[in-house]
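Visitor: Hi! Could you walk me through this structure?
Guide: Happy to, so let's put it on screen.

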Amino acid sequence: QVDECPNIYVAHLLNTGQANTSFTAITLFIMPLMWLTRHAVDSADLFVNGRFFALELFWLNIVLLTLATGEKLFSRRGLIALAGAATLAPLWDYGFEIRHDNLFLSGMLLLWCVLRVRPEGVQSYFIAGAMAVLLEFVAFKAFVYVIPISFVFLLYPPPGHKGTRAKLLVGWLIGATVAFLLVRIGYGMTGIWDVYLQGFRNISKAAGGSGRFPPWSTLARLLTQTPLLLALAISGLVAMAGELWQRRKAAITWTGNMPEAFLLLVALGALIINPVPHPYNLLHLVPYAYLLAWRYG
């Protein structure tokens with residue numbers, strides 16, 4: 001993906017004190033790239049170090065995806081879930097590119113784990129609030145995913161979270177505030193806050209520009225790359241729709257497939273409204289389809 005080159009080059013610009021000449025957004029993904037490439041002596045070193053970081057994120061996401069199913073990693077079912085997660089073709093296409101999407105997926109899976117899989121009350125909501133803000137600095141499109149998910153979990157906390165809705169909201173707000181202050185101070189100390197804001201404005205303008213195209217060609221890749229996953233995910237959505245039709249509000253619970261179905265629909269909606277839904281955006285759809293397929297299966 002061509003985005004790998006600008007990301008590596010901008011990390012190099014930051015290392016050489018040329019942040020003001022940056023031509024792309026300085027997201028939180030660039031920060032570890034900057035650290036990893038600070039001693040690089042040529043282009044090969046830059047890309048090797050960047051690929052190393054992206055590859056580590058790739059395997060981290062496979063593990064996080066396994067944990068997000070709710071299975072214990074070293075159990076029999078956990079190993080089956082791990083093997084299934086490691087066979088998802090779109091992740092092998094785009095999952096170890098030097099792009100912010102990999103770190104964004106890590107944050108989303110961690111968010112799902114602390115809210116849905118490992119409920120710890122206020123502590124979970126503190127982490128969720130921090131992740132909600134940090135993800136905005138990883139990818140500008142994060143709000144499309146984070147806002148509806150945060151809204152639902154704040155309005156209807158899962159039974160495993162101990163504490164009143166007000167306490168959970170306070171925990172979420174404190175986490176969000178702490179994360180924002182840390183990023184703001186860090187960007188300010190490195191002198192790149194204004195550069196970040198300019199990049200944000202440029203991305204916002206580009207999102208409303210020309211060159212739009214529908215997502216059908218991107219979605220069509222799933223027919224040949226992940227047919228079993230597609231069949232199970234669609235079956236899960238149809239079953240969920242049937243249950244809603246029969247039971248109405250009684251079908252909306254945290255014990256069934258509804259949370260995973262909701263997560264997948266949020267991701268699908270984000271892909272549909274994306275003005276340029278390139279195939280790498282499957283990185284933000286296929287893992288959530290896998291969670292629903294696993295839960296439904």
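Visitor: How many helices and strands are there in the chain?
Guide: The chain has 14 helices and zero strands. Helices (H or I, at least four residues) and strands (E, at least two) are DSSP runs, numbered from the N terminus. Read from the N terminus, the elements go α-α-α-α-α-α-α-α-α-α-α-α-α-α.

Visitor: Where does this model come from?
Guide: This is a predicted model, where local features need pLDDT of at least 70 and side-chain atom pairs count only at pLDDT 80 or more, while totals for chains, interfaces and linings use all residues. Residues are numbered from 1 along each chain as its sequence is written, and side-chain values use heavy atoms, with hydrogens and water left out.

Visitor: What radius of gyration does the chain have?
Guide: The chain has 20 Å, which agrees with a compact globule, because one with 297 residues would have a radius of gyration near 19 Å. That radius is taken over C-alpha atoms, and the globule rule is 2.2 Å times the number of residues to the power 0.38. Along the principal axes, the C-alpha atoms of the chain fill a box of roughly 60 × 45 × 45 Å.

Visitor: And what percentage of the residues is buried?
Guide: Of the 297 residues in the chain, 45% are buried. Buried means under 20% relative accessible area, exposed means over 50%, and partly exposed is in between (1.4 Å probe, protein chains only).

Visitor: What area does the chain expose?
Guide: About 14700 Å², with carbon and sulfur atoms supplying 69% of it. Such areas come from the Shrake-Rupley method with a 1.4 Å probe, and for residues, only the protein chains shown count as cover.

Visitor: Which contacts link residues 24 or more positions apart? I mean, what share of them?
Guide: Counting contacts in the chain with a separation of 6 or more, 74% are between residues 24 or more positions apart. A contact means heavy atoms within 4.5 Å.

Visitor: New topic: how many disulfides?
Guide: The count comes to zero disulfides, a disulfide being a pair of cysteine sulfur atoms within 2.5 Å. As for cysteines, Cys5 is partly exposed, with a relative accessible area of 43%, whereas Cys113 counts as buried at 8% relative accessibility.

Visitor: Let's zoom in. Is Glu260 buried or exposed?
Guide: Glu260 counts as buried, because its relative accessibility is 1%. Glu260 lies in helix 13, residues 258–273.

Visitor: Which residues does Glu260 touch?
Guide: Leaving out residues up to four places away in sequence, Glu260 touches Trp112, Arg116, Leu291, Leu292 and Arg295. The C-alpha atoms of Glu260 and His284 are separated by 14 Å, and these two residues are 24 residues apart along the chain.

Visitor: Where is Arg248?
Guide: Arg248 is in the loop between helix 12 (227–247) and helix 13. Arg248 is partly exposed, with a relative accessible area of 49%. The phi of Arg248 is near 55°, a positive value in a residue other than glycine.

Visitor: What about Thr87, which loop is that in?
Guide: Thr87 is in the loop between helix 4 (76–85) and helix 5 (89–94). At 57% relative accessibility, Thr87 counts as exposed. From C-alpha to C-alpha, Thr87 and Val183 are 35 Å apart in space, and they are 96 residues apart in sequence.

Visitor: One more: which helix holds His12?
Guide: His12 is found in helix 1, residues 4–15, and counts as partly exposed at 29% relative accessibility. Its C-alpha atom and that of Val2 are separated by 16 Å, with the two residues ten residues apart along the chain.
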